[in-house]
Amino acid sequence: MAAALLAVGGCTTYVIDSNPQGLRVSVNNIEEGFTPCRYFLWSQFYYPLEVTVAPPQPRQLEAYAAERNVSVQAITTPQTKVLTPRSPSGTVYFDFIATERDLPPKRTP
């Protein structure tokens, strides 16, 4: 049990999330998955971390807008954040939605 606690004590956990979700994530140019995803850093020797999230594809934006009944304008370039040893554990959030406007309610036949 004590060994498990020591291992957890040297770990920093980040949740990489985005709006919209389901975007490709890479850390230091290594693909890690899709948002939301967890990234565990077992040692502080790997800083700085360069976290990059790819922009949403047109289909992802269409699905996002249809689900919420909105029109959107999105950022179309990748976003990068650099984490250092001073970056606390927690969520690293990327927002690709620049503007969002409600559409009139859909009529049902």
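## Starting at a turn

Asn 28 sits in the loop between S2 and S3. This is a predicted model, and that loop is a handy place to start looking around. S2 and S3 make a hairpin, with two residues between them. Asn 28 has a positive phi of about 50 degrees, even though it is not a glycine. That's worth a second look because most residues other than glycine have a negative phi. As for cover, Asn 28 is partly exposed, with a relative accessible area of 34%.

The two arms of the hairpin pair in the antiparallel sense, over four bridges. If you want to trace the pairing by eye, Val 25 stands opposite Gly 33 in S3, and Arg 24 stands opposite Phe 34 in S3.

## The chain as a whole

Now zoom out. The chain has 109 residues, and buried ones make up 34% of them. Its secondary structure comes to two helices and nine strands. Walk along the sequence and you'll meet them in the pattern α-β-β-β-β-β-α-β-β-β-β.

The accessible surface of the chain is about 7,600 Å², with 56% of that belonging to carbon and sulfur atoms. What about contacts along the chain? Among those with a separation of 6 or more, 64% come from residues 24 or more positions apart.

## A four-stranded sheet

The hairpin is part of an open sheet of four strands, in the order S3-S2-S5-S7 and with antiparallel pairing. Strand S3 (30-34) and strand S7 (79-83) are at the edges; each has a single partner strand, so one side of each is left without a neighbour in the sheet. On average, neighbouring strands here are turned by 25 degrees against each other, direction ignored.

On the other side of S2 from the hairpin partner comes S5 in the sheet order. S2 and S5 run antiparallel and are joined by three bridges. Here you can look for Val 27, which stands opposite Val 51 in S5.

## Along strand S5 and just past it

Let's follow S5 for a bit. Thr 52 is found in this strand, and it is buried, with a relative accessible area of 16%. Its side chain is joined to that of Thr 80 by a polar contact of 3.0 Å. Leaving aside neighbours within four places in sequence, Thr 52 is in contact with Arg 24, Val 25, Ser 26, Pro 78, Gln 79 and Thr 80.

Val 53 is also found in S5. Its relative accessible area is 0%, so Val 53 is buried. Not counting residues up to four places away in sequence, Val 53 touches a set of residues including Ile 16, Leu 23, Thr 35, Phe 94 and Phe 96. Step on to Ala 54 and you're in the loop between S5 and helix H2 (58-68). At 27% relative accessibility, Ala 54 counts as partly exposed. With the same sequence neighbours set aside, Ala 54 touches Leu 23, Arg 24 and Phe 96. Its C-alpha atom is separated by 7.1 Å from that of Thr 77, which is 23 residues apart from it along the chain.

## The nonpolar core

Which residues touch the most other members of the largest nonpolar core? Out of its 16 residues, they are Ile 16 and Leu 49. Strand S1 (12-19), S2, strand S4 (37-41), strand S5 (49-53) and strand S8 (90-95) each supply at least two residues of this core.

Leu 49 is a good one to click on. Apart from its neighbours within four places in sequence, Leu 49 is in contact with Tyr 14, Val 27, Asn 28, Tyr 39, Leu 41, Lys 81, Val 82 and Leu 83. Yes, that list includes Asn 28, where we started.

## Backbone oddities

Most peptide bonds are trans, but you can find cis ones here. One joins Asn 19 and Pro 20, with omega about 0 degrees, and Pro 20 is in the loop between S1 and S2. Another joins Thr 35 and Pro 36, with omega about -10 degrees; Pro 36 is in the loop between S3 and S4.

Finally, Asn 69 has a positive phi of about 55 degrees and is not a glycine. You'll find Asn 69 in the loop between H2 and strand S6 (70-74). Is it buried or exposed? At 19% relative accessibility, Asn 69 counts as buried, since the cut-off for that is under 20%.

Technical notes
Residues numbered from 1 in each chain as written. Predicted model: local features only at pLDDT ≥ 70, side-chain atom pairs only at ≥ 80, totals over all residues. Heavy atoms only, no water. Pairing = 2+ DSSP bridges. Axes fitted to C-alpha atoms, helices over the stretch in contact; angles between N-to-C directions. Core = buried A, V, L, I, M, F, W, Y, C linked by side-chain atoms within 4.5 Å. Buried < 20%, exposed > 50% of the residue type's maximum accessible area, 1.4 Å probe, protein only. Contact = heavy atoms within 4.5 Å. Polar contact = N/O pair within 3.5 Å; in protein donor to acceptor, adjacent residues only side chain to side chain. Areas by Shrake-Rupley, 256 points an atom, 1.4 Å probe, with all protein chains shown as cover.
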